[in-house]
Amino acid sequence: MDRRIFGLETEFGLNYVPSDGRRLTPEDAARHLFRPVVAWGRSSNVFLNNGSRLYLDVGSHPEYATAECDQLLQLIAHDRAGEAVMLDLVEQAEEQLLEEGHEGRLFLFKNNVDSAGNSYGCHENYLIPRKIEFKRLADMLIPFLVTRQLLCGAGHLVQVQDQTKFVFSQRADHMWEGVSSATTRSRPIINTRDEPHADAEYHRRLHVIVGDSSMSETTQLLKIGATDLVLRLIESGEIYHDLRLENPIRSIRSISHEFTGQTVVRLMSGDEPTALQLQWKILELVKAFVARHGAHHDQVERVLELWERVLVAIESQDFSPIDQDIDWAIKHKLITGYAKKNDLALDSPRIAQLNLTYHDIDPNRGLFHLLRRRGLASSVLDPAMIHDAVENPPATTRAALRSKFIRAARATGRRYSTDWVHMKYEEGEGGVVLCKDPFATSNSSVDELIEVMRRPV
Amino acid sequence: MTQENFSARRETQAQALEAEQVQANTTGTSAGVDDLLDEIDSVLESNAEEFVRGFVQKGGQ
């Protein structure tokens, strides 16, 4: 698809650290965090003025789902806007807690694993044409997703046979299946839950739950940009080499644990390329595809350049060309530098704290943000884009309609409800509009419903 | 809290975003590296072990 709808859902880890010794359970902390949301929307599951969804998910994780986006930088801005919204809630919750006599600090981590090994996700959504045969798509996409952690893993420390190692991915050790409909008991790489939030005759929503959350905007650009390109290649129907893996789950773990990219991956064809060779192969196919069909947006060249630069860096084991751009490399430099300077082993508590605090979304104390302030981590957005995305929807998708409806409904003070496809007025004569086209930015039925809401009941 | 949104701090948020503008990169020097490590130590909670161990969630999706 030349124009694709994208969305990112990010679950945040939440921790309250008391300075007065009085702990709060995660449920209690989450309840405090969401108090302003409930006051605003009478629910802990709301759609905001910018078209996004904000809610408490399974396990009391605060979650932010971006509105429908159709451009890469726009999507990254809306994901970052989610962090700004969460920070705002943290500030209010800390003040409220203080008023109730609880002195402490709330931490929100944009990562994928806690200290007990529980995992939570960053889910990517891509609108794809219904006519694509799903099995063929999965066969072609899974080898890419299994090796994609080389490009955009968040970096992590894990214990492998009594030794603490730096690995590519947080999420890799928590995936259990290739394709299925489950999300919690047994996590698949691609989730088949088929809620397109669009006309199901033409569209399908590809739900990828294998990725690590990205702190770096540059890493995010590569993660989504490269995946979109691989999807275009698959959608084109042009044949590519059979790269189906014999055991995707065993491979995803062993690839994460081998920091050289030299993990041998057994294919169903009997071939045994390394993870790095698989990535080179896919990059080569994508570059040839782009050469044949042209770039479909203005970031394609940047994505391809980054992609290649990462593979070269892993191959040469010289990470300096990517250590301001790719989360695992930024974190690796931070951790190895700190450990060396302070003569610490990778299993020391202080290093575990660095690994965690890299993901603290607070701009003043989060280590990723500290590095960025010092010019040691790159950005791709003008901060004004993030600021704008906190308030305003993407102007080029259905989110603009949802936003218009929510603002109008709130201005009348009338009862209303929304989800991804419905806009419903719940007073007076009432009314509901179903909008199945995620690319729609105008809809006369929505305008009429807004007129109805403005009438006296 | 306004009817329009639940934000309490549009102003401070704007300031925080501006503060994110990158500062001069002085870290090429060893003084810069020391300075960076000092700043890291200054923002970390003091009890590393307790801080990390205390971060336990229920599993998510």
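Visitor: In which hand do helices α3(A) and α6(A) cross?

Guide: The crossing of α3(A) and α6(A) is right-handed. Please bear in mind throughout that this is a predicted model.

Visitor: At what angle do these two helices of chain A pack, and how far apart are their axes?

Guide: Helix α3, residues 72–99, and helix α6, residues 217–235, pack at about 130° in chain A, and their axes lie 10 Å apart. That angle makes α3(A) oblique to α6(A), because only angles over 145 degrees count as roughly antiparallel.

Visitor: Which residues of α3(A) and α6(A) meet?

Guide: From α3(A), the residues are Leu72(A), Leu73(A), Leu75(A), Ile76(A), Asp79(A) and Arg80(A). Their partners in α6(A) are Glu217(A), Gln220(A), Leu221(A), Ile224(A) and Gly225(A). Sorted by class, this contact has six nonpolar, two polar and three charged residues.

Visitor: How should the packing of α8(A) and α9(A) be read, and what is the angle there?

Guide: Helix α8 of chain A covers residues 275–293 and helix α9 of chain A covers residues 300–316; they pack at about 155°, with axes 11 Å apart. The pair is therefore roughly antiparallel. Here α8(A) passes α9(A) in a left-handed crossing.

Visitor: Which residues make that contact, and how do they divide by class?

Guide: On the side of α8(A), they include Leu276(A), Trp280(A), Leu283(A) and Val290(A). On the side of α9(A), they include Val300(A), Trp307(A), Leu311(A) and Glu315(A). The residues of this contact divide into 12 nonpolar, one polar and three charged.

Visitor: What is a disulfide, and how many does the structure hold?

Guide: A disulfide is a covalent bond between the sulfur atoms of two cysteines. The structure holds zero disulfides over all chains. For Cys122(A), the nearest cysteine sulfur is that of Cys152(A), 9.5 Å away. These sulfur atoms form no disulfide, because a pair must lie within 2.5 Å to count as one.

Visitor: Are Cys122(A) and Cys152(A) buried or exposed?

Guide: Cys122(A) has a relative accessible area of 2% and is buried. Cys152(A), at 4% relative accessibility, also counts as buried.

Visitor: Where does Ala440(A) lie, and with which residues is Ala440(A) in contact beyond its neighbours in sequence?

Guide: Ala440(A) lies in the loop between β15 (431–434) and α15 (444–454) of chain A. Setting aside neighbours within four places in sequence, Ala440(A) is in contact with Thr397(A), Arg398(A), Leu401(A) and Cys435(A). Its relative accessibility is 13%, so Ala440(A) counts as buried.

Visitor: What separation do the C-alpha atoms of Ala440(A) and Glu99(A) have?

Guide: These C-alpha atoms are separated by 45 Å, and the two residues are 341 residues apart along the chain.

Methods:
Residues are numbered from 1 along each chain as its sequence is written. Chains are lettered from A and ligands numbered from 1 in the order in which they are written. This is a predicted model: local features need pLDDT of at least 70, side-chain atom pairs count only at pLDDT 80 or more; totals for chains, interfaces and linings use all residues. Side-chain values use heavy atoms; hydrogens and water are left out. Axes are lines fitted to C-alpha atoms, for helices over the stretch in contact, and angles run from 0 to 180 degrees between N-to-C directions. Helices (H or I, at least four residues) and strands (E, at least two) are DSSP runs, numbered from the N terminus. Angles under 35 degrees count as roughly parallel, over 145 as roughly antiparallel, 65 to 115 as roughly perpendicular and the rest as oblique. A crossing is left-handed if the near helix is turned anticlockwise from the far one by less than a right angle, and right-handed if clockwise. Contact means heavy atoms within 4.5 Å. Ala, Val, Leu, Ile, Met, Phe, Trp, Tyr, Cys and Pro count as nonpolar, Asp, Glu, Lys and Arg as charged, and the others, Gly among them, as polar. Buried means under 20% relative accessible area, exposed over 50%, partly exposed in between (1.4 Å probe, protein chains only).
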